Amino acid sequence: MKKAVKISDSVYWVGALDYNLRNFHGIAAPEGGTYNSYLILNEEIFLIDTVKHEFFKEHLERISSVINPSEIDYVISNHSEIDHSGSIQEILKIANKAKLVTTEKGKKYLSKIFNSEFSFLTVKDNDEIKNLKFIEAPMLHWPETMMTYMKNENILFSCDLFGAQIADSRIFADLIPNVMSYVKRYYAFIFRPFAYAVLNGLKKLEGLNINIIAPSHGPVWRTQAQIKDLINAYAKWSVNPEKEKAVVLYAGIWGATRKIAEAIADGLSSLNIEVKIYDLTNLTLIQWSDLMADLMEAKAIAIGSNTLIGQMFPTVKTALQLLKYINPKEKIGLVFGSYGWVGGAVKAIENELKNMGLNLIDSIEIQFNPNENEIEKCFKLGEELAKKVKEV
Ligand code: FEO
């Protein structure tokens, strides 16, 4: 039997650990993930969110280790995506007197997702039930999302906000090594595209006393130092995530583009810029996830491709799509490439980067194999890019 984990005087974690999860919304989850749900034994009994459908048995066992599940008075749906709502129908069959609490949009979404009517109780921003206050959080990360704040114990049930993906039965963030690396990877994919909404959400949280942050994925945060670091990291990543760092990414077939990429990286490193290099011809899922987080933090991005049938390499196109998600207009770009009888990839990449608002330095496109002079030129372009990074 799976057991609940007590996280405060009256709150229990009753979620599920998905040790086999490896791909979550395109984010690599090399150490699995969690679907968090919380049971609150207050004047009445509340369940905050449920779990992905296939984990219902585990979820029910954890709830049953504390109470008889039929006693639940309210199921609160902070978010209707099925990693959290997937067991709502099952739990409401057992807790058949319970109301389903959600926003007006949440009601619409849940009705459509399950093609079913529930006994809804809709709430708006700042509405309260007993000691629970609801905070609408549009685009964090769906339009209907809300957070729930427990006033008597200062616990923020933050939904996807402040989440991470790792399956670790120790549950608490202060017990998990390198926990911020999981948070960063998750933020880059899920929240950087909605940075404006994160800032709106953080504003709403100002002035709240928060003793515990209990998100819908990953560890529960209970130390003031970690909570402060977490909120500060979200604020920084949402406004100005860039640091003195460059990402060089490229794809090619016969090694010419790789030589150019490495010369540019050498030029960058010669001025002590942190450089990450990605060969996009054969990336694993975890490398794509790391790339997303690195792109977010890099002030300079150098992107290269050989010309393949008159176009850029397909995985370079994918990388550009990821770059677009994270709003890169404060970054400085350099485009490079190689070609056989006719070019084209460099121009195509330049156009995409200009449309994203990057500030570009002069590109370089080299026919066949770069010679020594051309390698030197690439090194100098790397240096030029590094100088621009240091100027700002
Ligand atoms: Fe974890 Fe947006 O669902």
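Let's start with the rings: this structure holds 12 aromatic pairs. One of them joins Tyr109 and Trp142, an edge-to-face pair with 6.1 Å from centre to centre and 75 degrees between the planes. The label edge-to-face applies because planes over 60 degrees apart count that way. This pair links distant parts of the chain, with the two residues 33 residues apart. Tyr109 belongs to helix H4 (residues 104-114), while Trp142 sits in the loop between strand E13 (132-136) and strand E14 (146-150). Keep in mind that the model is predicted.

Next, a pair of helices. The axes of H10 and H11 come within 11 Å and cross at roughly 5 degrees. That makes H10 roughly parallel to H11, because angles under 35 degrees count as such. Here is who takes part in the contact:

| Helix | Residues spanned | Residues in the contact |
|---|---|---|
| H10 | residues 314-325 | Val316, Lys317, Leu320, Leu323, Lys324 |
| H11 | residues 345-356 | Ile349, Glu352, Leu353, Met356 |

Sorted by class, the contact of H10 with H11 has 6 nonpolar and 3 charged residues, and no polar ones.

And what about empty space inside? The count comes to 3 cavities of 30 Å³ or more. The largest cavity has a volume of about 50 Å³. Its lining includes Trp13, Thr34 and Asn36, and further along the chain Ile166, Asp168, Ile171 and Ile176 take part as well. Gly218, Pro219 and Val220 also line this cavity. By class, the lining has 6 nonpolar, 3 polar and 1 charged residues.

Key:
Residues numbered from 1 in each chain as written. Predicted model: local features only at pLDDT ≥ 70, side-chain atom pairs only at ≥ 80, totals over all residues. Heavy atoms only, no water. 1 Å grid on protein atoms, 1.4 Å probe; cavity = no way out; pocket = protein on both sides within 12 Å on 5 of 7 lines; lining within 4 Å. Points joined across faces, edges and corners; volume = space filled by probe spheres on them. Nonpolar A, V, L, I, M, F, W, Y, C, P; charged D, E, K, R; others polar. Axes fitted to C-alpha atoms, helices over the stretch in contact; angles between N-to-C directions. Helix = DSSP H or I, 4+ residues; strand = E, 2+ residues; numbered from the N terminus. Parallel < 35°, antiparallel > 145°, perpendicular 65-115°, else oblique. Contact = heavy atoms within 4.5 Å. Phe/Tyr/Trp six-rings, centres within 6.5 Å; stacked < 30°, edge-to-face > 60°.
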